[in-house]
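Hi everyone, thanks for making time. I'd like to walk you through a structure that may be new to you, so please have a look at it with me.

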Amino acid sequence: MLPSQTLLHTAVLALAVLQALASDTFIAAVYEHAVILPDAAAEPVSPEDALALMNRNMDVLEEAIKEAAQQGAHIIVTPEDGIYGWRFTRETIYPYLEDIPDPAVNWIPCTDPTRFAPTPVQERLSCMARNNSIYVVANIGDKKPCNSSDLGCPSDGRYQYNTDVVFDPEGKLLARYHKYNLFRRETQFNYPKEPEAITFETPFGKFGIFTCFDILFREPAVVLVSELQVDTVLFPTAWMNVLPFLTAVEFHSAWAMGMGVNLLSANTHNISLAMTGSGLFTPEGAAAYHYDSGTEEGRLLLAELSARPRLSPTYPPAVNWSLYATSIKKFPEEKDTFSGAVRRDIFTFSELRRKAGNYTVCQGDLCCHLVYRMLNKSNDEVYVLGAFDGLHGSLIKYHWQICTLLKCKSTDLSTCGQPVETAQTKFERFSLSGTFGTNYVFPEVLYSGVQLAPGEFEVLRDGRLKSKHGTSQPLVTATLFGRLYEKDLPHPLRTSPYNRSP
């Protein structure tokens, strides 16, 4: 006979599976973790010291996982860098890495810890999943030995990858993903030779996974959604907020709406680096989200989501993002325009001088159109309509088309495009559209205090972003982010032979 504990675990797991099968929804959780960071070190620490630091973080994550499971969650996502942080060189991160096998090996580290030893982090994560009968998603580091027969082998004889792992409710290693689009500061890791499109089936839909900076690129993000038709994307991230357009909750919610999928976004929390903003985002908007730039505390979020959103009766219809804007003939382009910088991007702006009106601003192939009426315009606030059509990024350059209704930092027009978190002016109505050259457009409205506006705006089939009943809170931005992936420049760091030097 099986031991009683095993029988109990099997019964709990079977019940959880039956409950998931009996419903078209599931309960998802994300945990925004205030990561305990290692001390800055010029030399690698011992494996024992590295594991001690990782265990301190996993102690916190384990409590969040237990709480999520007790509240009925079927899956939980934890952040990028959530187990060891980011203060590393290529050499000093090495003691924190484990060799993560291909999930095809059919391995439960919790019950078979010596099979690929030493793997104490994978063993503990596996046990967290198994003991709580929940899917656990975590971000750790993978190491793979190589030699001179591999022309791309780094000089230290190993590849190091920023890696996501997924353990199923039995504790089995279900998925492994190597981050393909590294942020410029991630010099401790290697680029994978080829992009990975990782998917897996659950009783509550088809899932895909990628990490942080990946969300901005065609591979793997668009491939997973548009070609492989996943229902839900798992998204560990360490996202540094950048107003006015790339704040975590703002862009991640916009991306989920534009792509028509669920996005489970778990951010690290570090206010000194402007890291905060996690959420459970759907094609209809944010189901739950968290943004806190004032404390150092983590946060667990849960929400019930549609398992297969494309089959939901509330699933948004397909949008022709340029239909309305290209049909407009009566709105002449504004003559009184000026240039303004949003970080390094030079926008064409036009000040909204009237309380209500129709405006058109163009740049390159993009014309942006706005119809609006302000409800209580504050005399010391200036709003502009802005257009940008060009390459974004300093080292890795990718092509944006952006139409935005934007509050300036002050009445000085030279401040338009600088970060703003608060506003006083509400809008009775607005309608924003553009002549986008892409079907990949992400809509979002951001209120004062970096708050989203779920349910207060809609996207029409002809590509208009419209307020439903006026803004209930003062408006900071209303934006349509378009991505022309085909116009991206070649990646400057993926050279041949592949990434040979560390």
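Let's start with helix α5: it gives the most to the lining of the second largest pocket, four residues in total. Please keep in mind that what you see is a predicted model.

Which other elements join in? Among those that each supply at least two residues of this lining are α4 (218–227), β11, β20 (441–447) and β22 (457–459). The second largest pocket holds about 680 Å³ of space, and 34 residues line it, with M257, G258, P316, P317 and V319 nearest its centre. By type, that lining splits into 19 nonpolar, nine polar and six charged residues. Domain 1 (22–311) and domain 2 (322–487) each provide at least three residues of it.

Now back to α5, residues 248–259, because there is a sheet to show you: the helix packs on that sheet and touches β8 (232–237), β9, β10 and β11. Its direction makes about 20 degrees with that of β10. The sheet is open and mixed, with six strands in the order β6-β7-β8-β9-β10-β11. At its edges sit β6 (199–202) and β11 (285–290), each pairing on one side only. Neighbouring strands are turned by 15 degrees against each other on average, direction ignored. Within the sheet, β9 (residues 262–267) and β10 (residues 278–282) pair in the antiparallel sense over three bridges, and L263 stands opposite F281 in β10.

Finally, the largest pocket. Its volume is about 800 Å³. Of the 29 residues lining it, F183, R184, R185, F213 and M240 lie nearest its centre. Here the lining divides into 15 nonpolar, five polar and nine charged residues. Domain 1 (22–311) and domain 2 (322–487) each contribute at least three residues to this lining as well. Thanks for listening!

Key. Residues numbered from 1 in each chain as written. Predicted model: local features only at pLDDT ≥ 70, side-chain atom pairs only at ≥ 80, totals over all residues. Heavy atoms only, no water. Pairing = 2+ DSSP bridges. Axes fitted to C-alpha atoms, helices over the stretch in contact; angles between N-to-C directions. Contact = heavy atoms within 4.5 Å. 1 Å grid on protein atoms, 1.4 Å probe; cavity = no way out; pocket = protein on both sides within 12 Å on 5 of 7 lines; lining within 4 Å. Points joined across faces, edges and corners; volume = space filled by probe spheres on them. Nonpolar A, V, L, I, M, F, W, Y, C, P; charged D, E, K, R; others polar. Domains from an automatic or database assignment.
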